Amino acid sequence: MEAKDLMIGNIVDTEDSVIQIVSFEHDKLHSSKGVYHYRQDVKPIPLTEEWFDLNLNCLDSDWIFEGFGGRIIIRHKKLKGIVLESCANNQVAFFLNGNLISFLDYVHSLQNLYKALTGEELVHG
């Protein structure tokens with residue numbers, strides 16, 4: 001994972017816990033739990049169905065969860081054009097107004113794309 005792929009507010013994994021980035025300093029990330037070197041201490045969180053199962057209630061209340069035949073589809077209540085759909089290859093397809101925008105592998109990628117499209121942070125917790 002490269003620092004250029006990360007933004008303040010992103011959620012990443014460390015050896016000890018999941019952290020939310022609050023600031024950057026050269027090659028280090030700061031969170032409320034400490035300071036981490038992004039190449040050595042931090043890993044991306046895979047964006048899997050299991051992650052959604054565990055974290056859906058932690059996301060803000062603007063999301064609607066739907067399950068269809070082993071797939072999950074998540075729709076945004078206010079921004080009706082945003083739809084996330086799980087894929088067989090452990091990726092999540094991000095649709096905007098019915099058009100496939102991107103396949104996402106990691107939570108921070110979803111957070112970054114959501115912010116780029118809406119100007120808002122994807123709230124977690």
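**Salt bridges, a small sheet and a cavity**

Hi everyone, let's start with Asp-27, which is partly exposed at 28% relative accessibility. Before I go on, please keep in mind that this is a predicted model.

Who is the partner of Asp-27? The side chain of Asp-27 meets that of Lys-28 in a salt bridge, with 3.7 Å from N to O. Lys-28 is partly exposed too, with a relative accessibility of 36%.

Lys-28 also takes us into the sheet, since strand E4 covers residues 28-31. The sheet is open and has three strands, in the order E3-E4-E5, and the pairing is antiparallel. At the edges are strand E3, residues 23-25, and strand E5, residues 34-37, and each of these pairs on one side only. On average, neighbouring strands here are turned by 30° against each other, if you ignore direction.

How many bridges join E4 to E5? There are four, and the two strands run antiparallel. If you want a spot to find on your screen, look for Leu-29, which stands opposite Tyr-36 in E5.

Now back to the salt bridges. The structure holds three of them, and the Lys-28 and Asp-27 pair is one. Another joins the side chains of Lys-4 and Asp-5, at 3.5 Å from N to O. Are these two residues buried or exposed? Lys-4 has 70% relative accessibility, over the 50% cut-off, so this lysine counts as exposed. Asp-5 has a relative accessible area of 31%, and therefore falls in the partly exposed class, between 20% and 50%.

Then there is the pair of Lys-115 and Glu-121, whose side chains meet in a salt bridge at 3.8 Å, N to O. Lys-115 is partly exposed, with a relative accessible area of 29%, and Glu-121 is partly exposed as well, at 40%.

I kept that pair back on purpose, as it leads to my last topic, the cavity. Rolling a probe the size of a water molecule over the atoms shows where empty space is left. In this structure there is one cavity of 30 Å³ or more. The largest cavity holds about 50 Å³ of space.

Which residues line the largest cavity? Lys-115 and Glu-121 are both in the lining, along with Met-7, Ile-8, Gly-9, Asn-10, Gln-111, Asn-112 and Leu-122. By type, the lining has three nonpolar, four polar and two charged residues. So the charged ones here are Lys-115 and Glu-121, the partners in that salt bridge.

That's it from me, thanks for listening!

Note on methods
Residues are numbered from 1 along each chain as its sequence is written. This is a predicted model: local features need pLDDT of at least 70, side-chain atom pairs count only at pLDDT 80 or more; totals for chains, interfaces and linings use all residues. Side-chain values use heavy atoms; hydrogens and water are left out. On a 1 Å grid over the protein atoms alone, a cavity is a set of points where a 1.4 Å probe fits but cannot get out, and a pocket is an open set with protein on both sides within 12 Å along at least five of seven lines; lining residues have an atom within 4 Å of a point. Grid points are joined across faces, edges and corners, and a volume is the space filled by probe spheres set on the points. Two strands pair if DSSP finds at least two bridges between them. Axes are lines fitted to C-alpha atoms, for helices over the stretch in contact, and angles run from 0 to 180 degrees between N-to-C directions. A salt bridge is a side-chain nitrogen of Lys or Arg within 4 Å of a carboxyl oxygen of Asp or Glu. Buried means under 20% relative accessible area, exposed over 50%, partly exposed in between (1.4 Å probe, protein chains only).
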